[in-house]
Every structure is written in structure tokens, then in C-alpha cells.
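Look at the sequence and the model below before reading on. The paragraphs after them go through charged side chains and their surroundings.

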Amino acid sequence: MMDLDALLLHYFHSDDPDTLDETTLSAGIGRLAIDFGMERSPERRFALWVLLDSFAAAPPPAEAFDDPVQRDAANRYLDTLWKAERH
């Protein structure tokens, strides 16, 4: 299980993204992207991708996931977000 506050503290040294300056945000996204690229656990990799997406820094599902099941889950996640934002 991954804890959002713990991930934010780990990558951004804050659990409140609204308080981050541009330098801290950019550095945290860079560290997060590196770990996403190196992560081998499908569940952890997906969680890191979702966090990257929350900062508009995630690669598209077709580039991010070789596994069709994960790619489909990522596409469904994006579709759900899109629908939620429209309402």
C-alpha cells in the first residue's frame, strides 16, 4: 500500500503541493519520474504514474505501460477523471 502523504513528503518534502515553489516542484517531479522509470512492481509503478499525472507530468498510458492490463487501467483512470471534471 502506498500512502499519498508519505509519497508527497518523500518526493517534495511537503505534504501540501500548494506550498511548493517552482524549483521544489520541478525537482520532486524529476525524482518521481526517475523512480517511476525504475519501479518494477506493477502496483507501485501505477501509483507513481497516478502521482505524476496529478502534476501533469505523466507519460501517456501507451508510452508508460507495456502491459496491456495496466495500460487499459491507466486509460480508464484518465477517462474517469475527464468525466468527473466535466460535471
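What follows starts at the beginning of the chain and then turns to pairs of opposite charge.

The model is a predicted one. Near the start of the numbering, Asp3 lies in the segment that comes before helix 1, which covers 4-12. Asp3 has a relative accessibility of 45%, so it counts as partly exposed. This residue belongs to a negative surface patch, whose other members are Asp5, Asp15, Asp16 and Asp18. A residue can join such a patch only if its relative accessible area is over 30% and it makes no salt bridge. The 45% of Asp3 is in keeping with the first of these conditions, because the cut-off is 30%.

Charges of opposite sign are the next topic. Side chains of opposite charge can pair when their charged atoms come close. How many salt bridges does a search of the whole structure find? The search gives two.

One of them joins the side chains of Arg44 and Glu39, with 3.3 Å from N to O. The cut-off for a salt bridge is 4 Å, so this pair qualifies. Are the two partners buried or exposed, or something in between? Arg44 has 38% relative accessibility and therefore counts as partly exposed. Glu39, at 17%, counts as buried, because the limit for that class is under 20%.

Glu39 sits in the loop between helix 2 (22-38) and helix 3. Besides its salt bridge with Arg44, the side chain of Glu39 reaches the backbone nitrogen of Ser41 at 3.0 Å. Helix 3 spans residues 42-54, and Pro42 is found in it. With a relative accessible area of 41%, Pro42 is partly exposed. From Pro42 to Glu63 there are 21 residues along the chain, and the C-alpha atoms of these two are separated by 15 Å.

The other salt bridge is formed by the side chains of Asp72 and Arg76, at 2.3 Å from N to O. Where do these two residues lie relative to each other? Both are in helix 5 (residues 68-86), and because they are four residues apart there, about one helical turn separates them. Asp72 has a relative accessible area of 40%, so it is partly exposed. Arg76 is also partly exposed, at 47% relative accessibility.

To put the pairs side by side: the Arg44 and Glu39 bridge has a buried member in Glu39, whereas Asp72 and Arg76 are each partly exposed.

Technical notes: Residues numbered from 1 in each chain as written. Predicted model: local features only at pLDDT ≥ 70, side-chain atom pairs only at ≥ 80, totals over all residues. Heavy atoms only, no water. Patch = residues over 30% accessible without salt bridge, like charges linked within 9 Å, V, L, I, M, F, W, Y side chains within 5 Å. Areas by Shrake-Rupley, 256 points an atom, 1.4 Å probe, with all protein chains shown as cover. Lys, Arg positive; Asp, Glu negative; His and termini not counted. Charge placed at Lys NZ, Arg CZ, Asp CG, Glu CD. Buried < 20%, exposed > 50% of the residue type's maximum accessible area, 1.4 Å probe, protein only. Polar contact = N/O pair within 3.5 Å; in protein donor to acceptor, adjacent residues only side chain to side chain.
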